Amino acid sequence: MANAALVSCSLNLSWSCSKPSSCITPAASVSLQASQSPFRKIHLNGDKRLRKYRTVYAMTVSMGQETRAQPGSGSNHSSNEASSPKKVMVIGGDGYCGWATSLHLSNKNYEVAVVDNLVRRSFDHQLGLDSLTPIASIHNRIRRWKSLTGKDIGLYVGDICDFEFLSEAFKSFEPDAVVHFGEQRSAPYSMIDRSRAVYTQHNNVIGTLNVLFAIKEFGEDCHLVKLGTMGEYGTPNIDIEEGFITITHNGRTDTLPYPKQASSFYHLSKVHDSHNIAFTCKAWGIRATDLNQGVVYGVKTEETAMHEELYNRLDYDAVFGTALNRFCVQAAVGHPLTVYGKGGQTRGYLDIRDTVQCIELAIANPAQRGEFRVFNQFTEQFSVNELAALVMKAGKKLGLDVRTVSVPNPRVEAEEHYYNAKHTKLTELGLEPHLLSDSLLDSLLNFAIQYKDRVDSKQIMPSVSWRKIGAKPKTVPA
């Protein structure tokens, strides 16, 4: 699956390039000084207001606690440059979590650059899906943010699996921190067929490896903030610790990485990411924070609510939609809430406003050189049945007739199990969580009602089976 990002714009180039994976197109005139790579020296001319707005085009291939820093300034008030980074590269900054994070950090006065190949948008076209909310193009989003706030967000359009592209983006922007959301994030997508399973693992594992090599080569003091998943742990019959567990065996004691029990090819890619990051911290002295995030819900943050062109995507389909978001949309259109199997599946959840807050806290309080630390990033635990009951209650207050239906579970997972995961480290850094409330559910339901005419009811029921995945490419009926 190949995809090229193309935009028509006026350019003044003193060096021409023939490789689609080696072209830079800024929103201003450019002169490039020729060398072995056309990226070596970049001079942005023209309107100073446009100099931070850069776009790199590339082919998309087939796919002991220290004193904490207070987030919110994005500026460096310490003699230690690494303790309060100013420049943050957000890989995957056009996606659900990435876009909200990019705006939040920009609003907090960090200098932000988005790196994205825009492939998430192509998944919608590929599968016949669409966001409940209409979302503007990344270029229009950034222009609107600039017009509302006066703040620039840089843009590099390209694939991080292309190391030449990624390395030149690193050298051009010189980030103090990298927030890495740039992965295929859906377990069901990874289980559609062999090609999507291979794409997921190649994209996620190779992309992260490239990020690690880019940090080693071009920004050795750069702090990696990597989005992992609570799904790496599975559902063990013991408490889930934050990344590590102390074990006594045959009279000897050691602290080891917590055992991983991934439940899809997507989750397995995240496990391998974690191992690669931990190894490079030990071998190369990279500083890294692995955020094992729970299931995210909600759509609005302070920044995305400022204008309709800043709206975030809201997925309600069975491939990319998360449980609570799906349930609220189903309630809005009168579809029974689709509870998979017995509904006892319990996970950690958090509001998207807390996602952006956690990222900011991790950046403001970076890991030490050579440190691989793990934070479990969620605020509350719910079973699927508990979420359905909350949506039914909230829907009734709005006059909606909300019912549930048990559907055969398309996944291979325990439907009733013990689940108790620790999540104290981000709270210790200052996280002030937005817990799931009646007002939040009312807001989410009303948002779903506002856009219910955009709902395609054919996308609600699950169609991807963990057991029926095969080697033959699966097509999507019109």
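The exchange below walks through a predicted model of one protein chain.

Biologist: How many helices and strands does the chain have?
Modeller: The chain is 478 residues long, and 55% of them are buried. About 20300 Å² is exposed, with carbon and sulfur atoms supplying 50% of it. The count of elements is 12 helices and 20 strands.

Biologist: Over which residues at the start of the chain is the pLDDT below 50?
Modeller: The chain averages a pLDDT of 87, and 82% of the residues score at least 70. Another stretch, residues 76-85, stays under 50 and has 15 contacts beyond four places in sequence. The stretch you ask about has 142 contacts in the model beyond near neighbours in sequence. It is residues 1-67.

Biologist: Which strands stand at the edges of the open sheet of seven strands?
Modeller: The pairing is parallel, and the order is E9-E8-E7-E10-E11-E14-E18. An edge strand has a single partner strand, so one side of it is left without a neighbour in the sheet. The twist averages 20° from one strand to the next. The edge strands are E9 (153-157) and E18 (372-377).

Biologist: What is the bridge partner of Leu224 in E14?
Modeller: Leu224 belongs to the pairing of strand E11 (residues 223-229) with strand E14 (residues 287-293). That pairing is parallel and has seven bridges. The partner of Leu224 is Ala288.

Biologist: What angle does helix H9 make with strand E11?
Modeller: H9 covers residues 352-364 and packs on the sheet. H9 touches strands E7, E10, E11, E14 and E18. Its direction makes with that of E11 an angle of about 145°.

Biologist: Are the residues of E9 buried or exposed?
Modeller: E9 is an edge strand of the sheet, with a single partner strand. On one side lie Ile153, Leu155 and Val157, and on the other Gly154 and Tyr156. Both faces are covered. Five of the five residues are buried.

Biologist: Which residue of E9 is the bridge partner of Val112?
Modeller: Strand E8 (residues 111-116) runs parallel to E9. Five bridges join the two. The partner of Val112 is Ile153.

Biologist: Which helix gives the largest share of the largest nonpolar core?
Modeller: Nonpolar side chains tend to be buried together in soluble globular proteins. This core has 39 residues, and those with the most contacts inside it are Val88, Leu105, Val179, Ile359 and Ile363. Beyond four places in sequence, Val179 is in contact with residues including Val88, Val225, Ile359 and Ile363. The largest share, eight residues, comes from H9.

Biologist: How many residues does the second core have?
Modeller: This core is separate. Its members include Ala323, Cys328, Ala331 and Val391. The count is 33 residues.

Biologist: Why does Ala332 count as buried?
Modeller: Ala332 is in helix H8 (residues 323-332). Beyond four places in sequence, Ala332 is in contact with Leu400, Leu445, Ala448, Ile449 and Lys452. Buried means under 20% relative accessible area. Ala332 counts as buried because its relative accessibility is 6%.

Biologist: What distance separates the C-alpha atoms of Ala332 and Gly395?
Modeller: The two residues are 63 residues apart along the chain. In the model, their C-alpha atoms are separated by 8.1 Å.

Biologist: Which strands stand at the edges of the sheet of three strands?
Modeller: This open sheet has mixed pairing and the order E15-E17-E19. Its neighbouring strands are turned by 45° against each other on average, direction ignored. E15 and strand E17 (residues 346-351) pair in the parallel sense over three bridges. The edges are E15 (295-297) and E19 (380-383).

Biologist: What angle does helix H10 make with strand E19?
Modeller: H9 lies across E15 and E17, running at about 80° to E17. Helix H10 (residues 384-397) packs on the sheet and touches E17 and E19. The angle between the directions of H10 and E19 is about 90°.

Biologist: Which residue in E20 stands opposite Thr338?
Modeller: Strand E16 (residues 337-340) pairs with strand E20 (residues 404-407) in the parallel sense, over four bridges. Leu337 and Val339 point one way from E16, Thr338 and Tyr340 the other way, and all are buried. Opposite Thr338 stands Val405.

Definitions and conventions
Residues are numbered from 1 along each chain as its sequence is written. Side-chain values use heavy atoms; hydrogens and water are left out. Two strands pair if DSSP finds at least two bridges between them. Axes are lines fitted to C-alpha atoms, for helices over the stretch in contact, and angles run from 0 to 180 degrees between N-to-C directions. Contact means heavy atoms within 4.5 Å. A nonpolar core is a set of buried Ala, Val, Leu, Ile, Met, Phe, Trp, Tyr and Cys residues joined through side-chain atoms within 4.5 Å. Buried means under 20% relative accessible area, exposed over 50%, partly exposed in between (1.4 Å probe, protein chains only). Accessible areas come from the Shrake-Rupley method with a 1.4 Å probe; for residues, only the protein chains shown count as cover. pLDDT is the predictor's confidence in each residue, from 0 to 100.
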